[in-house]
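Hi everyone, thanks for coming. Let's have a look at this one together, starting inside one chain and then moving out to the chain contact.

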Number of protein chains: 2
Amino acid sequence: MTIYLHDVPLPEARKRFESALVTAGLWGLLEAEAIPLDQNAVIRVLAEPVWAKISSPHYHSAAMDGFAVRSDKTIGALPTQPVLLKFGGYDEIQATVYIDTGDPLPEWADAVIPIENVEPLDDHGHPAIDPRHPAAIQIRAAVTPWSHVRVIGEDIIASQLVLPAGHTLRPVDLGAIAACGHESVRVARKPRVAIIPTGSELQPIGTHACRGEIIEYNSLVMASQVRLWGGDTTRMPITPDVFDDIKKRVEEASLEHDLVLLNAGSSAGSKDYSASVIETLGEVLVHGIAVRPGHPVILGMIDFHHGDIPKRIPIIGVPGYPVSAALTGELFVEPLITKWLGRIQAEPSHITATLTRKVTSSPGDDDYMRVVVGRVGNKILAAPLSRGAGVITSLVRADGIAVLPRGTQGLPAGENIKVNLFRPVTDLENVIFAIGSHDLTLDIMAQYLAPCDRRLTSANVGSLGGLIALSRNEAHLAGSHLLDPDSGEYNVSYVEKYLPRRKVKIVNLVGRQQGLLVQKDNPKRIESLEDLARSDVKYINRQRGAGTRVLLDYYLDRLGIAIDDINGYQQEEFSHLSVAAAVSSKRADCGLGIAAAAGALGLDFIPLYKERYDLIIPAEFFSDDLLSPLLELLVTSEFQQAVLSLPGYDVTQMGSLMAELG
Amino acid sequence: MTIYLHDVPLPEARKRFESALVTAGLWGLLEAEAIPLDQNAVIRVLAEPVWAKISSPHYHSAAMDGFAVRSDKTIGALPTQPVLLKFGGYDEIQATVYIDTGDPLPEWADAVIPIENVEPLDDHGHPAIDPRHPAAIQIRAAVTPWSHVRVIGEDIIASQLVLPAGHTLRPVDLGAIAACGHESVRVARKPRVAIIPTGSELQPIGTHACRGEIIEYNSLVMASQVRLWGGDTTRMPITPDVFDDIKKRVEEASLEHDLVLLNAGSSAGSKDYSASVIETLGEVLVHGIAVRPGHPVILGMIDFHHGDIPKRIPIIGVPGYPVSAALTGELFVEPLITKWLGRIQAEPSHITATLTRKVTSSPGDDDYMRVVVGRVGNKILAAPLSRGAGVITSLVRADGIAVLPRGTQGLPAGENIKVNLFRPVTDLENVIFAIGSHDLTLDIMAQYLAPCDRRLTSANVGSLGGLIALSRNEAHLAGSHLLDPDSGEYNVSYVEKYLPRRKVKIVNLVGRQQGLLVQKDNPKRIESLEDLARSDVKYINRQRGAGTRVLLDYYLDRLGIAIDDINGYQQEEFSHLSVAAAVSSKRADCGLGIAAAAGALGLDFIPLYKERYDLIIPAEFFSDDLLSPLLELLVTSEFQQAVLSLPGYDVTQMGSLMAELG
């Protein structure tokens, strides 16, 4: 019995899959079909090159509103020696007619003189009343043959290559294809992909999920991905973890599709039936791939009969964690669809960036790390996001992905890495890197800055961590609420110590209430810091360097409470919300934090201390255009009101300059 | 009577339009609507921020397949001192159960030990047969609390900002929104845009267009653009150039749409009714904008009643030339739709590139120049494409657009310009710049190279022009067929002269037949170069520096024919196909060129001379990975057969190295 997987390296997995597809005749353009140009041809992929059937324009025409002439009749015209051409046609006495832009050039003509360059005259030699129907025109310069004429084939010449096969159609392409005489276009048929969500714990979107139940959204994410890549999708109903049910569903899906994605059950847990179903219906090529996240992938083939015809189609067992599922789509489904469409695929846009912190990596795997990318001063920085396979917000927040290749144990901070980007490079210039202490108002700020084309990205490393990041030029600003135990003053002495000789502005964001977050109705009757020493109370702490930790230690010291007496003092979380989540889930009975975090998760809050939370901003960024919408925001009553809607905040000093250092 | 327009600068035009829209209450989010998450929510734009309703995960769960334990029961476990935990639950004697990844953690547990890190034992202390249902497990290391547990809120904490308003939804976003408790999402309603093609000369796609008729495809291009930008579109039937018909159509379109695009008739020609229709129905804000191409734009507002309610919507008179129409879409329609959707719009990706040739520009206008961009050696180059407003292939071929701002007379070659890119920057690394003489096999080559992720871009500047471009490092290779009149040898002496001290390889592409292209059935009985001196024969020439021109002059000299005797010798075209088009359209009776060009346009061909057409490739590019698919292609029989399907080619030396210089 398999209890864990023997992962094969990605290139080997790809080779096995590709070779099975080649054997099945499925490693190339799936099928071509003709569609009318005007029926959603955009984003479809050309199955054949488009050659011009006719030239465009297909007749000589006027490029300007003006008078058609024979150029040889204008020879000798000079400012001082105008030539007069009789209006009305071309014969012994007449020599010109008026034509609009786009009108066919008369057979006898070989040039057009724009209306603004002639003098239309009436029978008496006066300016004509209707300049387009004069008796004659007077011109004061000769014209060269074919001037202001769009000649046949100016745009496209019959037989020319207009677009290559494999090209993804854009709006202007449709125009060019129509212009050269086509009304339909041969494109690759859309691959049909079935997505089967399996799992007894799964509930459809829109139901209330109880403990042990999970909202099924992987099939939605995968279906949306496949459609963007150019496929058609069927989301099958949720199938419980029953071998026969899954087998039946896969058989059913095979009949009408080109590819089956069987989601979850792809590992080797006790209820993981994907591998055995695939083995029963066909062949497991690979079970387990050395990539993180996403290693329990299955690649296989399903055999069946369609009528009397034996058929074989690929199936992919997709891991259940959302990040793994999305990554499996990118690693295996997108390349397959691209191949089936015959699409010419550009290499993803990438950039070299400096890693903001040390990362570790499993040396046996290719590790796909999600990062936020932005520019701070002259450096392009990549800040790693959560590595968890279950953290879909890491994909939502990511600007790109960096691969830590097999054989790497990890990388130190400051290392240069290649990041494959999800967004255009220029977009990264609008990222504001906030680092340091976490405060909920930063979320609101991010929301308010978005319409100003600024993306505020905040990393929560605690107040001290923020100052250190500023000293390394790895952020534009740091949120900080560090209390100096000696002076009772906030932030200034810390900034002087950690950012010496640096010009820095300290701007107040909020005043806020710190206190104890306790469970609803406070069952353990926790009232003050003294209660933390009780043996029946489990505390959850903040990490070293967090302003809240400094505050705790300051008051514990003043109260004479020993940290060894606090059960859970060693358990650290990195944000107020994480502390609130720990209390809400009963991992702990209480934690020090802000009122807003308690309010967010429906906890009770015991107010204890008021503190100041400032933004520490190096002077060069303070005056930078990047930050100006943020600084302006702080003094708008709209934003201040939004902050006041959260419990425990004071905005009386918001936006005030508290200190200027350096 | 207006006969030409007084263009206003773009910023002024935008200001007038915006101010009218503000007054009408139409400069902002149009409307919000709730849509189910699983109904094509991708690419829709959030009308409101998404805040997490619930945490995700919403219960503690196993992060790995393994055994749920209480961490305090593992204290003291060491490799030499294993701890034994009885299997089956948690009470006086039992201390563990098996759970799969994703299963809820039992209330009593606070950690999971992965199955591969334990020794499952049976009642006799032997390895258990079913490792997931042992009698006990033996562990040799203590675990820390909450290890291998996905704690509540690991991904999303209730109340957190998940996505800001204005965000364009991607597949992973749908997952995050579902995960945090939503089943629907509030997005901006799609703006409804009516597109009215007008013009008596227009014919629908799929009809045969006679002389003076044009296939109407602007409405297709614009509708496709609008849909990509996030709008819904109605393409109205073609309306002839009749004031009342157009007026009626605009009134009809106004009722059900947010914006009307009235295509063509926007200038001041005799059949241009757009301005007067708009004036009758509402207000013309701007008529004529100082941009090229596309200056005859009308911006206006239409007033009407919907039932009893007075309404006002914007209308844009869009110029008829296809490039102008597409550009008008980008300048006015896209920003308006973006505003109506409330979408956060990233600045377009751009790059600085060196202009390959001198360009002139009308100083009164912002001039939007289409360019091909690629890298040659260390230089990023921008090669201008046709500037004509009628040349839609210039948009098809373009990698980006550069603006020559008002006040500029033009720019010299070698100038650095900013290019707004249509493609990802990395895509530009795959562009092969071919320059020089034109040959139809280059089109076929482009088609064959596309699947190898190489874009072959050829600029036709004649053989000599190609060598000069190589000397300036502005191309990777040049097609050349320059005959040395003294030696009768091809290319070598020219390369020695124009690329001295440069390592260069000369590789044969084809042998080909040059001859006279004449009208079908050769009505003028043209048989040889001597006929060019006949007074009833009109010749069309190639430009100076073209190999074909060199060939002509060589044989004229040998035959003793004076160029002054040739009618049309001064008329120059830049490619074989253009010469063929000139003959086909009867602008000329004959021209010297290749058989394939005659074949392409159904002309007769009088074969005269055989010549060699080579690729001139600097050694550094010859050995570069970029060109290797091209060099490999030359020796495949598939490509050679494709070339032989054209008339007049000889492939016996294709791919052979003819000379190595330097």
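Here is a warm-up: in strand 18 of chain B, which residue is the bridge partner of Ile195(B)? It is Leu261(B).

Before going on, a word on the model: it is predicted, so local features need pLDDT of at least 70 and side-chain atom pairs count only at pLDDT 80 or more, while totals for chains, interfaces and linings use all residues. Residues are numbered from 1 along each chain as its sequence is written, chains are lettered from A and ligands numbered from 1 in the order in which they are written, and side-chain values use heavy atoms, leaving out hydrogens and water.

Now, strand 14 of chain B, residues 192-197, pairs in the parallel sense with strand 18 (residues 259-263) over 5 bridges; pairing needs at least two DSSP bridges, and strands are DSSP E runs of at least two residues, numbered from the N terminus. Strand 14 of chain B also runs parallel to strand 17 of chain B, joined by 4 bridges, with Arg192(B) opposite Asp232(B). Because 5 of its 6 residues are buried (under 20% relative accessible area, 1.4 Å probe, protein chains only), strand 14 of chain B is largely enclosed by the rest of the structure.

On to the chain contact (heavy atoms within 4.5 Å). Chain A and chain B each bring 117 residues. There are 4 salt bridges between them, meaning a Lys or Arg side-chain nitrogen within 4 Å of an Asp or Glu carboxyl oxygen. One of them joins Lys271(B) and Asp100(A), at 3.6 Å, N to O.

Methods
Buried means under 20% relative accessible area, exposed over 50%, partly exposed in between (1.4 Å probe, protein chains only).
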